[in-house]
Structures are given as C-alpha cells and as structure tokens.
Amino acid sequence: MTRRSFTVPCTIRVEHTYESLEAHVELDGGIEPGIGDKVLVHGAPVSVPFGRSLVLRREATVTRANFLEKALVRFQSMFELTELYEVSFTDGRV
C-alpha cells in the first residue's frame, strides 16, 4: 500500500480566446495518469491574457495511487456521476 512518486518533464498548453478557454498538460515519455493518480505541475501560476495562447515546459510530479485509493475513486465515481443528471440549462419552462 505504498505510493510511488516520480518527476517527469511536461508541456503545458493554455489558450484563452473567444473560441476556447482550456489548459492541457502532456507528460513526456507517453506517461498517462491512471485512476486516482495525482499530478502536480511545478512552477508559478500561469496567466494568459484574453486572445492569447501559451506553450510552456515545466516539470511535474506524478504520484501513483495504491490499490485502496484506486478502489475508493472507482466507488466514489459511481455516486458523483449522478450529479450530472441534476444539471439543467433551461429556465424551468417546458
């Protein structure tokens, strides 16, 4: 039940335009976070002015979840999914 952590370089892509507001982190080496894993990107917060996009290189620490943490996340996700059903974008009139 031990955690495994390691540091890996990553690429951060941030876009703040009329068409899109998004941020993505790609870990080098084809590393994919799994269920319950945590990724901490190091460095100062990123601020991108409206109409711009930015690509940065940083390092990230990946902490792999142990068996118990993975099972807990899977269990919790069954209940959190139902929260999506309660969302409505209508004004209440049919």
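This passage walks through the fold, the salt bridges and a few individual residues of the structure shown above.

The model is predicted, so local features are described only at pLDDT of at least 70 and side-chain atom pairs only at pLDDT 80 or more, while totals for chains, interfaces and linings use all residues. Residues are numbered from 1 along each chain as its sequence is written, and side-chain values use heavy atoms, with hydrogens and water left out.

The overall fold is a good place to start. One helix and four strands make up the secondary structure of the chain, where helices (H or I, at least four residues) and strands (E, at least two) are DSSP runs numbered from the N terminus. Along the sequence these elements come in the order β-β-β-β-α. Strands β1 and β2 are antiparallel and are joined by seven bridges; two strands are taken to pair if DSSP finds at least two bridges between them. Together β1 and β2 form a hairpin, with four residues between them. One of the bridges pairs H16 with L21 in β2.

Some totals help to set the scene. Of the 94 residues in the chain, 18% are buried, where buried means under 20% relative accessible area, exposed means over 50%, and partly exposed lies in between (1.4 Å probe, protein chains only). The chain has an accessible surface of about 7700 Å², and carbon and sulfur atoms account for 58% of it. Such areas come from the Shrake-Rupley method with a 1.4 Å probe, and for residues only the protein chains shown count as cover. Contacts (heavy atoms within 4.5 Å) often span the sequence: among those between residues at least 6 apart, 62% join residues at least 24 apart.

Three salt bridges are present in the structure, each being a side-chain nitrogen of Lys or Arg within 4 Å of a carboxyl oxygen of Asp or Glu. One of them joins the side chains of R13 and E26, with an N to O distance of 3.1 Å. This pair links distant parts of the chain, with R13 in strand β1 (residues 4–16) and E26 in strand β2 (residues 21–27), 13 residues apart. R13 is partly exposed, at 37% relative accessible area, and E26 is also partly exposed, at 42%.

Another salt bridge is formed by R57 and D28, whose closest N and O atoms are 2.6 Å apart. R57 sits in strand β4 (residues 52–64) and D28 in the loop between β2 and β3 (38–41), so the pair ties together parts that are 29 residues apart in sequence. D28 is partly exposed, with a relative accessibility of 25%. R64 and D37 make up a further pair, with 2.7 Å between their closest N and O atoms. Here too, distant parts of the chain are linked: R64 belongs to strand β4 and D37 to the loop between β2 and β3, 27 residues apart. D37 counts as buried, at 15% relative accessible area.

R57 also meets T11, a residue of strand β1. The side chains of T11 and R57 make a polar contact at 2.6 Å; this term covers a pair of N or O atoms within 3.5 Å, where within protein one must be able to donate a hydrogen and the other to accept it, and residues adjacent in sequence count only if both atoms are side-chain atoms. T11 is buried, with 11% relative accessible area. Beyond its neighbours within four places in sequence, T11 is in contact with H24, V25, E26, D28, V55, L56 and R57.

V62 offers another view of strand β4. V62 is buried, at 0% relative accessibility. Although V62 and S5 are 57 residues apart along the chain, their C-alpha atoms are separated by 5.5 Å. With residues up to four places away in sequence left aside, V62 touches R4, S5, F6, V8, L27, K38 and V39.

In the loop between β2 and β3 lies G36, which is partly exposed at 26% relative accessibility. The C-alpha atoms of G36 and K70 are 5.2 Å apart, while 34 residues separate the two along the chain. G36 touches A65 and V73, not counting residues up to four places away in sequence.

Finally, the surface carries a nonpolar patch formed by L72, F75, M78 and F79, with about 450 Å² of accessible area together. Patches are made of residues with over 30% relative accessible area and no salt bridge, like charges being joined within 9 Å and nonpolar side chains (Val, Leu, Ile, Met, Phe, Trp, Tyr) within 5 Å. M78 belongs to helix α1 (residues 67–80) and is exposed, with a relative accessible area of 54%.
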